[in-house]
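Student: I have a protein model open and would like to learn how to read it. Could you walk me through some features?

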Amino acid sequence: MLKKQSSIRKSALRTLGFGIEAMKNFTVCHECNSLEPSNQMFCSKCGSRLPIESLYTLYKSQHACCSKCGSVLSSGMHFCSHCGTKQKALAN
């Protein structure tokens, strides 16, 4: 049942243009903060070279993640809500 709910949620996020897969397809320009497709090398707004890392990589670098599956975790979580793996103490 839980696996089916997760699948439905992921499908809904993809349909609406949100979620991990959508975040992997975009990057943010360091100069003008424009959201750009991750397959571009230069910003369409200001012409600056775009970073290699995707929006998802940036998001993960600023949040605690599961040690097993990499899902982003809320502070204070003791178990991953995606895979159930017990987590080490997370910093707030």
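Student: Let me begin with one residue: is Asn 33 buried or exposed?

Tutor: We sort residues by relative accessible area: buried means under 20%, exposed over 50%, and partly exposed in between, with a 1.4 Å probe and protein chains only. Asn 33 has 60% relative accessibility, so Asn 33 counts as exposed. Before we go on, a word on the source: this is a predicted model, where local features need pLDDT of at least 70, side-chain atom pairs count only at pLDDT 80 or more, and totals for chains, interfaces and linings use all residues. Residues are numbered from 1 along each chain as its sequence is written, and side-chain values use heavy atoms, with hydrogens and water left out.

Student: Where is Asn 33 found?

Tutor: Helices (H or I, at least four residues) and strands (E, at least two) are DSSP runs, numbered from the N terminus. Asn 33 sits in the loop between β1 (26-28) and β2 (35-37). Its phi is positive, about 60°, although Asn 33 is not a glycine.

Student: Which pattern does the protein chain follow along the sequence?

Tutor: The pattern reads α-α-β-β-α, made of three helices and two strands. Of the chain's 92 residues, 22% count as buried.

Student: How do I look at one of the buried residues?

Tutor: Try Tyr 56, which lies in helix α3. Tyr 56 has a relative accessible area of 11% and is therefore buried. Next, check its contacts, meaning heavy atoms within 4.5 Å. Leaving out residues up to four places away in sequence, Tyr 56 touches Ile 20, Met 23, Lys 24 and Gly 70. You can also compare C-alpha positions: those of Tyr 56 and Ala 22 are separated by 8.4 Å, with the two positions 34 residues apart along the chain.

Student: How much of the contact network joins residues at least 24 apart?

Tutor: Taking contacts between residues at least 6 apart in sequence, 15% join residues at least 24 apart.

Student: Now the cysteines. How many disulfides are there?

Tutor: A disulfide is a covalent bond between the sulfur atoms of two cysteines. The rule here asks for a pair of cysteine sulfur atoms within 2.5 Å, and by this rule the count is zero.

Student: Why is Cys 46 not bonded to Cys 29?

Tutor: The closest cysteine sulfur to that of Cys 46 is the one in Cys 29, and at 3.6 Å it is too far for a bond. Cys 83 is in no disulfide either, since its nearest cysteine sulfur, that of Cys 66, is 3.7 Å away. Both residues are partly exposed: Cys 46 has a relative accessible area of 38%, and Cys 83 is at 31%.

Student: What does Ser 71 touch?

Tutor: Ser 71 lies in the segment after α3 and is buried, with a relative accessible area of 19%. Not counting residues up to four places away, Ser 71 touches Ala 64, Cys 65, Cys 66, Cys 80 and His 82.

Student: And Gln 87, is that residue buried or exposed?

Tutor: Gln 87 counts as buried, at 8% relative accessibility. Gln 87 also belongs to the segment after α3 (55-61). Leaving aside neighbours within four places in sequence, its contacts include Cys 65, Cys 66 and Leu 73. A polar atom of the Gln 87 side chain lies 2.9 Å from the backbone oxygen of Thr 85.

Technical notes:
Polar contact = N/O pair within 3.5 Å; in protein donor to acceptor, adjacent residues only side chain to side chain.
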